[in-house]
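Here is a short set of exercises to work through with the model open beside you. Try each task before you read its solution.

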Amino acid sequence: FFFSSRRRHTRCREVSWARRCVQETAEEEKPMQTYVRKPIAYVFVIQNPLNEPVTFDVDIKGEGLLGDPTLGVPANQKKEYDLSFAPLRAGEYQGYINFISEKAGEIKYKLALKADESPPQTLEFLEVELGKNGMHYAKLENPTKEEQLVISHNSNPTNYDVQEKMITPPYSVMDDTIKNNPPNLDATESTRIIFESKNIGKWEFSLNGRGKLPTEMKPERITTTVGDTIPSSISFKNPLKEQSTIEITLEPSDNKEFVLLVKKPKVVLAPLSSYTIPYQFTPHSMTVVKATLVVSMSKTLVWRFPLEGDAEYLTHGNPY
């Protein structure tokens, strides 16, 4: 945006120490508009009508306005001056910028400042395996020299998890993690998350995702000495918003080192509830034993948890 310093007329007045000319500009306000935390530069073209170089002192007033304190203009020439508008809160307010020289006079601009809330951002659509967490990342910028408290508001806390409060370091851009826990295979789950800060404004994000069939889960490794028994467990969460029956089995079925400790192979789980599946490992030799703990809801909806048992011998009381 370019604003010219063309004057309407020049008015001179006597003062006790000098004769000063004021270059009067148009009275209408110059509009300056952008989004919160999105700096924009406005260019003023300042003219020096004198036959000698002039340095203008620059007087700026207005929230979010930034610029150099002086501007040097060669004789009988024009020079551009960059004024940045970087608001941290939404609203409409007034400001001004004055270019002041004892020799060339004063050039004045009234400024109509407007900062709009940053538009909502739509993050990438995610397809997440049932039983696992998908990750969205929301960028939060703190352009100030101080730490800022940010508070989140989540319209769908059942399927999306985000920190309620966080601190953003000074002059930083932070990726805040939003976890997505899909509850079904067919329907798309959505949420609207707003991050708000008293001093640096707010951010709004729209998120969408749905579930897909699970694949193999992360392996569980367990270690003990030959002949000893060590218990362990796996926590399984019903990802569905409905009551579900699961069947728990161990593969291969003739495995003698890994043993399930569940009382019943079939368990009824409430919607979105968790269940601890206990098992134990008893190695009989110095070999790595592998098995798979299988949780089934149907022929197609199956979770497979690889188990890997490692055995050690004791030598003088220490395993190796």
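Strands (E, at least two residues) and helices (H or I, at least four) are DSSP runs, numbered from the N terminus. The model is predicted, so local features need pLDDT of at least 70 and side-chain atom pairs count only at pLDDT 80 or more, while totals for chains, interfaces and linings use all residues. Residues are numbered from 1 along each chain as its sequence is written, and side-chain values use heavy atoms, with hydrogens and water left out.

**Exercise 1. The chain as a whole**

Task: find how many helices and strands the protein chain has, and what percentage of its residues is buried.

Solution. Start with the secondary structure: the protein chain has 30 strands and zero helices. Next comes burial, where buried means under 20% relative accessible area, exposed means over 50%, and partly exposed lies in between (1.4 Å probe, protein chains only). Of the 320 residues in the protein chain, 39% are buried. Finish with contacts, meaning heavy atoms within 4.5 Å. Among those between residues at least 6 apart in sequence, 65% join residues at least 24 apart.

**Exercise 2. The largest pocket**

Task: work out which strand gives the largest share of the lining of the largest pocket.

Solution. First, the terms. On a 1 Å grid over the protein atoms alone, a pocket is an open set of points where a 1.4 Å probe fits, with protein on both sides within 12 Å along at least five of seven lines; lining residues have an atom within 4 Å of a point. Grid points are joined across faces, edges and corners, and a volume is the space filled by probe spheres set on the points.

The largest pocket has a volume of about 360 Å³. Its lining has 23 residues, and Gly131, Lys132, Ser235, Phe236 and Lys237 lie nearest its centre. Now look at the strands: β22 (230-237) and β28 (302-312) each supply at least two lining residues. The largest share, five residues, comes from β22.

To sort the lining by class, count Ala, Val, Leu, Ile, Met, Phe, Trp, Tyr, Cys and Pro as nonpolar, Asp, Glu, Lys and Arg as charged, and the others, Gly among them, as polar. That gives 10 nonpolar, eight polar and five charged residues.

**Exercise 3. The second largest pocket and β14**

Task: identify the residues nearest the centre of the second largest pocket, then place Lys139 and Glu141 on a face of β14.

Solution. The second largest pocket has a volume of about 250 Å³. It is lined by 16 residues, with Arg37, Gln121, Lys139, Glu141 and Trp203 nearest its centre. β14 (134-142) gives the largest share of this lining, five residues.

In a regular strand the side chains alternate between the two faces of the sheet. On β14, the uncovered face carries Met135, Tyr137, Lys139 and Glu141, while Gly134, His136, Ala138, Leu140 and Asn142 are on the covered face.

Two strands pair if DSSP finds at least two bridges between them. β14 pairs antiparallel with β18 (residues 172-180) over nine bridges, and the partner of glutamate 141 there is valine 173.

**Exercise 4. An open sheet**

Task: which strands stand at the edges of the five-stranded open sheet?

Solution. Write down the order, which is β21-β28-β27-β23-β25, with mixed pairing. β21 (220-225) and β25 (266-269) are the edges: each has a single partner strand, so one side of each is left without a neighbour in the sheet. At one edge, β21 and β28 run parallel and are joined by six bridges. Arginine 221 has glutamate 308 in β28 as its bridge partner.

**Exercise 5. Residues in loops**

Task: what joins glutamate 251 and proline 252, and where is serine 285?

Solution. Begin with the peptide bond: glutamate 251 and proline 252 are joined by a cis bond, with omega about -5 degrees. Proline 252 sits in the loop between β23 (244-251) and β24 (258-260).

Serine 285 is in the loop between β26 (274-281) and β27 (289-296). Its relative accessibility is 31%, so serine 285 counts as partly exposed. Leaving aside residues up to four places away in sequence, serine 285 touches Val226 and Ala311.
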